[in-house]
Amino acid sequence: MNIAFILKAVGLYLLLINIATFSLFAIDKWKAIHGRWRIRESVLLGCSLIGGAALGLLSMHLFHHKTQKKYFSIGLPIMLAVHLVICGVVLYKLI
């Protein structure tokens, strides 16, 4: 397989999972305001863990949502740091 193809595929995956995570945080905030059934915290954390931590963290602060929960306020920055380290190591190895 070609390195450029792999990088594009991983980039597309990260873009899509981050958009999905951002959307889930936004929807959950809307549901919280309107007293609707909420999205499980495990879903929000899970999507962040599998690559959506960047926009999950952004949405958390943008919507002031889950900022008081330690496993979000501490967990998402740690997840993002781990994702960045993994991406850096993989890019270093590929290039």
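This report describes helix α4, the nonpolar core and two loop residues of a predicted model.

## Confidence of the model

The structure is a predicted model, and its protein chain averages a pLDDT of 95, with 99% of the residues scoring at least 70. Among the elements of the chain, the highest mean pLDDT, 97, belongs to α2, whereas α4 has the lowest, 93.

## Helix α4 and its two sides

Helix α4 runs over residues 75–94 and has 20 residues; from its first C-alpha to its last it reaches 28 Å, close to the 28 Å expected at 1.5 Å a residue. Four residues of α4 are buried, namely Gly-75, Leu-76, Met-79 and His-83. Seen down the axis of α4, these buried residues fall within an arc of 90°, so they line one face of the helix. As a general background to such a pattern, an α-helix has 3.6 residues a turn, so residues three or four places apart point the same way.

The buried residues of α4 pack against three other helices, α1 (3–33), α2 (41–62) and α3 (70–73). On the other side of α4, by contrast, Ile-78, Leu-84, Val-85 and Tyr-92 are exposed.

## The largest nonpolar core

The largest nonpolar core has 10 residues in all: Phe-25, Ile-39, Leu-44, Leu-45, Ala-53, Leu-57, Met-60, Phe-72, Leu-76 and Met-79. Both α2 and α4 supply at least two residues of this core, and the largest share, five residues, comes from α2. Two residues of the core, Leu-76 and Met-79, are also among the buried residues of α4.

Phe-25, a member of this core, has contacts that, leaving aside its neighbours within four places in sequence, include the core residues Leu-44, Met-60, Phe-72 and Leu-76. Phe-25 is also in contact with Ser-48, Gly-56, Ser-59, Phe-63, His-65 and Lys-66.

## Two residues with positive phi

The loop between α2 and α3 holds His-64 and also Lys-66, and each has a positive phi although neither is a glycine. The phi of His-64 is near 50°, while that of Lys-66 is about 70°.

The two loop residues fall on opposite sides of the accessibility cut-offs, which are under 20% for buried and over 50% for exposed. His-64 has a relative accessibility of 61% and therefore counts as exposed, whereas Lys-66, at 12%, counts as buried. Lys-66 is also one of the residues in contact with Phe-25.

Key. Residues are numbered from 1 along each chain as its sequence is written. This is a predicted model: local features need pLDDT of at least 70, side-chain atom pairs count only at pLDDT 80 or more; totals for chains, interfaces and linings use all residues. Side-chain values use heavy atoms; hydrogens and water are left out. The expected span of a helix is 1.5 Å times one less than its number of residues. Buried means under 20% relative accessible area, exposed over 50%, partly exposed in between (1.4 Å probe, protein chains only). The arc is that of the directions from the helix axis to the C-beta atoms. Contact means heavy atoms within 4.5 Å. pLDDT is the predictor's confidence in each residue, from 0 to 100. A nonpolar core is a set of buried Ala, Val, Leu, Ile, Met, Phe, Trp, Tyr and Cys residues joined through side-chain atoms within 4.5 Å.
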